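Hi,

Here is the structure I said I would pass on. Have a look at it first, and my notes follow below.

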Amino acid sequence: MKIGDIDKNLKIDNDLDLPNLKWLTPLDEPFSLHGIHSFDKELGFLRMPADIARATSDGVFWLFKHPAGGRIRFRTNSKHIAAKVYFNPMAPLATGTPCAQFAFDLYTTENNKAKYRCSSRPAIKDDRDGLKSFEFLDETDGEMHTYMINMALCSETREFYIGLDPDAVIEKAEDYAITKPVLFYGSSITHGICASRPGNTYEAMISRRFDCDYINLGFSGNAKGEAVMADYLATLDPSIFVMDYDHNAPDEVALRETHEAMFKKFRAAHPTTPVVMITKPDFRIEDRDDLRRDAVRATYNDAVAAGDKNVYFIDGETLFDGPHRDSCTVDGTHPNDLGYYRMAQVIGDVLEPIIESLK
């Protein structure tokens, strides 16, 4: 017997029976696609150019096909909202949840405030040379609302279709209050590997707090500050750049060699764009993490000494502050939802005056 046979709320295979839906692609107007660089018929939804991902490393080339941070926004009065998604085959993550890896969640936005509505059930089947997720997302009141779908965090998404009632009105969603995205570069923590669902990464929480667009360039185990990646990041034009890749540098020596070099490349292209530098949150002095922290702090100190007034430093030791600090991770390293919430609060408080100055 399966637990879904006892409790229908935990049932996995729940294909919807709504044959009259019209299926639309988020690549077409009036849908707006955020956090995604491009779509390729062979590779799917991509977070950065394929040639740069390939030149960076094999790991980045694999992970850039995971649409972490990808969002689909639209307005509709459809009474039913569904999604049909085709993923490339991938083994389940050891510490992740199916709702984050193979599914998506739905938010409504009123007066620029996003509110969680529901998550899809990751009904996964062999179909069409891959994995098929075919899920009912929500039944609405039939009034006009703005909706946002957060895409799966860590599966290659080949195709994505949104199902709406045939007679539904569809309009473009309102713009974000901060339209120029905040850029996050970092490790599996930035990627969002162990969030319970896509909307619970720290970047997603910050985005909802300030109604700001963002780009998630977190690469699990593969954010090492490579020169190719640094060159690419310098070509982007974010409102804020958050450097959060301490965890993936092999050691403090490699971190010192790449961190300031990446910052200087970005600063040369963007003389006044705010840059936030973060050290890893699972701080353990007995593991000499203080040396890694000092490597990141050195970049910050050098910038301040050179007269840079648009740099900010966040000590990772503060990111999990509060009761139950030891309950903030899944495995001692990767934040769970409590950990991501704490990170969103601390990082968000640093970003708040910066974002206010951008309005």
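To start with, is Ser187 buried or exposed? Ser187 is buried, with a relative accessible area of 1%; buried means under 20% relative accessible area, exposed over 50%, and partly exposed in between, with a 1.4 Å probe and protein chains only.

Some ground rules before the rest. This is a predicted model, where local features need pLDDT of at least 70 and side-chain atom pairs count only at pLDDT 80 or more, while totals for chains, interfaces and linings use all residues. Residues are numbered from 1 along each chain as its sequence is written, and side-chain values use heavy atoms, with hydrogens and water left out.

Back to Ser187, which is found in the loop between strand E14 and helix H5 (188-191). Helices (H or I, at least four residues) and strands (E, at least two) are DSSP runs, numbered from the N terminus. Leaving out residues up to four places away in sequence, Ser187 touches Gly218, Phe219, Ser220, Ala223, Asp244, Tyr245, His247 and Asn248, where contact means heavy atoms within 4.5 Å.

Next, the inside. A nonpolar core is a set of buried Ala, Val, Leu, Ile, Met, Phe, Trp, Tyr and Cys residues joined through side-chain atoms within 4.5 Å. The largest one has 33 residues, and Tyr202, Ile240, Val242, Val276, Met343, Ile347 and Leu351 touch the most other members. Among the elements that each supply at least two residues of this core are E14 (178-186), helix H6 (202-210), strand E16 (240-244), strand E17 (275-278) and helix H10 (337-358). H10 gives the most, with seven residues. Ile240 is worth clicking on: among its contacts, not counting residues up to four places away in sequence, are Pro181, Val276, Leu351 and Leu358.

E17 also has neighbours in the sheet. Two strands pair if DSSP finds at least two bridges between them. E16 and E17 run parallel and are joined by three bridges, with Phe241 opposite Val275 in E17. Between these two strands the chain passes through helix H8 (residues 252-269), in a right-handed β-α-β crossover; right-handed means that, with the strands pointing away from the viewer, the path from the first strand over the helix to the second runs clockwise. E17 also pairs in the parallel sense with strand E18 (residues 311-314), over four bridges, and Ile278 stands opposite Ile314 there. Val275 and Met277 point one way from E17, Val276 and Ile278 the other way, and all are buried.

Now some backbone oddities. Most residues other than glycine have a negative phi, and most peptide bonds are trans. Asn111 and Asp211 are not glycines, but each has a positive phi of about 55°. Asn111, in the loop between strand E7 (105-110) and strand E8 (113-119), is exposed, with a relative accessible area of 74%. Asp211, in the loop between H6 and strand E15, is buried at 7%. The peptide bond from Glu29 to Pro30 is cis, with omega near 10°.

Asp211 turns up once more, as one of the residues lining the largest cavity, together with Arg73, Tyr176 and Arg208, among others. A cavity is a set of points on a 1 Å grid over the protein atoms alone where a 1.4 Å probe fits but cannot get out, and lining residues have an atom within 4 Å of a point. About 60 Å³ of space lies in this cavity.

Cheers

Terms used:
On a 1 Å grid over the protein atoms alone, a cavity is a set of points where a 1.4 Å probe fits but cannot get out, and a pocket is an open set with protein on both sides within 12 Å along at least five of seven lines; lining residues have an atom within 4 Å of a point. Grid points are joined across faces, edges and corners, and a volume is the space filled by probe spheres set on the points.
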